[in-house]
Amino acid sequence: MDDGKPTGPQAKWWSRPTARRAAHPEPASGPAPAGPAPAPAAPDQAPPPPDSAAASAVQDQAPAPADEPGGQEIPRPRPSGQPLHEPDEYSTPPYGGPGPWAPAPPVQRPTPAHGTVVPPGAGGPSPQYPATNGAGLPAPPSAPAPADGHTPPHAQPAGGFAAPQPAPGVEHQQTQWLQYDPWGAPGQPFTRPGPPEGAEPGRKKKRRGGAFVGVLLLALVASGIGGGVGAYIERNGGLTTVELPQAGRDNGDRAPDSVAGIAASALPSVVTLHVSGTAESGTGTGFVLDGQGHILTNNHVVAPAGSSGDITVTFSTGETASAELVGKDSGYDLAVVRVRGVSGLKPLPLGNSDNVRVGDPVVAIGAPFDLSNTVTSGIISAKQRPITAGGEKGDGSDISYVDALQTDAPINPGNSGGPLVDSRAHVIGINSAIRAADSGGGPESGGQSGSIGLGFAIPINQGKRVAEELISTGKATHPVIGVTLDMKYTGDGAKVGTKGADGGPAVAKDGPADKAGIKSGDVITQVEGQRVHSGEELIVKIRAHRPGDDLDLKLTRGGEERTVTLKLGSASGT
């Protein structure tokens, strides 16, 4: 049903204005007026022709002719300040096509997406930025609402289109969100607003540059101060003096049976020997036997001096004195030297090697590699260990046979001749030999190999007897049984040879063995109940006794075992 609305094409209030229609100034931004919306035109009113409507849109205040053809009365414009239509008691918006007298719709402000920065005051009811018209230009301020609540029609200057002026007292700023107008011209992207008019674009950059320079200077100053402080701390050891806690000095007393107590008691009696001869030289250790200046050491220590070499003794205090050879024996590997004109000598007490038990603590003192007054400790690892040392001459005259004490106290070249003492600082052995790791043969006495925990010492009981003989006569006697042994025999035991060393019989006539009934070819298997596995072991076991001692032997002859008893004879040593 047609309600008297024009049938021709009409401009929709939501359409973009065409080029023919001039842009109307928009009302000020803000909420829509709270008054009632203008009522639609009466049904009996005929709308003006399109041309007249366009003209009315441009010039709202132009006078209209009094009558139109057909005698229909055209409504005249109402005075300013009065509403165009009667108020609508239901406040129903005009959904019909409005005429040129209808007010322009308010500018719709887009709601920014979540997280978008909105300038201050953008969502308030009274922003500080003026509204814009359809072209994106600021609109003039709206007139105050009339008292009767009706909105007057748009006013347009009679002289044509005039550029609107910004509201007085409000600074015109180009804010992107507040200037956005869906009716305006395109080309307004949704971006952050640029600088306001009249602002200098380079000012922020200058400020940022100044701030960066300030931070850089501050960092340089801080680094310089830190470097200076660090250098001071490094050179002066810190800002304050550091004093670490420390125990006070004690009186230095130690238990007599401790290693320190044993060393303190024994060191004054231990000396270092420096021996030089025409062909070689060497270093060893010895210890004082009595107040007359007799010092006991190994034969292989003084051997380089020969008959015309020099022997120098250095005491633990650092004093030195020349020494002379009193006597030596290569079979026992022992020698005695004497110093003269030295007072205040402290003899080292002698113990009893028969009282030693496996596991007893011991201390070795010497000058390994010429490091005087070196103290090491360990235990007795074994007893009656048969060893042989020497043999450099090749004729067997320099071979020593020792029924030794074995210890794990470190012994090295230079320790030879030094004392092996017990927990009471009594001598129980004379350090003589070691088995080195690079040695495939027997124990070494003069090599330069280091200790692997296998050291051997001559029992002091044997050393005491030999030393007494050397001091008394200059020679030592060896106990013998009067037989020549077959040293090439590979069986178990010690076999009596077929001939003697001089070509005579292997069993000396009227000797101890001959008197006991021992014959050539007999194999001796035990001495005093101890098993014998070779000729060297038999010699070691015999030399562990004194000449004249009675000795029980067990032997095998023709597959039969026999036991014999003999009295040891005596032979001069070399």
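This passage describes a six-stranded barrel, the helix lying across part of it, and two residues with positive phi. The model is predicted, so local features are reported only at pLDDT of at least 70 and side-chain atom pairs only at pLDDT 80 or more, whereas totals for chains, interfaces and linings use all residues. Residues are numbered from 1 along each chain as its sequence is written, and side-chain values use heavy atoms, with hydrogens and water left out.

Helices (H or I, at least four residues) and strands (E, at least two) are DSSP runs numbered from the N terminus. Two strands are taken as paired if DSSP finds at least two bridges between them. On this basis, six strands form a closed barrel in the order β1-β2-β3-β6-β5-β4, with antiparallel pairing. On average, neighbouring strands of this sheet are turned by 40° against each other, direction ignored; axes are lines fitted to C-alpha atoms, for helices over the stretch in contact, and angles run from 0 to 180 degrees between N-to-C directions.

Strand β1 (residues 270-276) is joined to strand β2 (residues 281-288) by seven bridges, and the two run antiparallel. Within this pair, Val-271 has Gly-286 of β2 as its bridge partner. Strands β2 and β3 are likewise antiparallel and are joined by two bridges, with Phe-287 standing opposite Leu-296 in β3. The hairpin of β2 and β3 has five residues between the strands, and in this hairpin Gly-293 takes a positive phi near 95°. On to β6, strand β3 pairs in the antiparallel sense over four bridges, and Thr-297 has Ala-335 of β6 as its bridge partner.

In a regular strand the side chains alternate between the two faces of the sheet. Both faces of β3 are covered: His-294 and Leu-296 are buried on one side, and Ile-295 and Thr-297 on the other. Here buried means under 20% relative accessible area, exposed over 50%, and partly exposed in between (1.4 Å probe, protein chains only). Helix α6 (residues 460-473) lies across β2, β3 (294-297), β5 (320-329) and β6 (334-339), and runs at about 55° to β6. Contact is defined as heavy atoms within 4.5 Å.

Two residues that are not glycines have positive phi. Gln-384, in strand β8 (residues 374-389), has a phi of about 50° and is partly exposed, with a relative accessible area of 39%. Asp-510, in the loop between β14 (494-495) and α7 (512-516), has a phi of about 65° and is exposed, with a relative accessible area of 53%.
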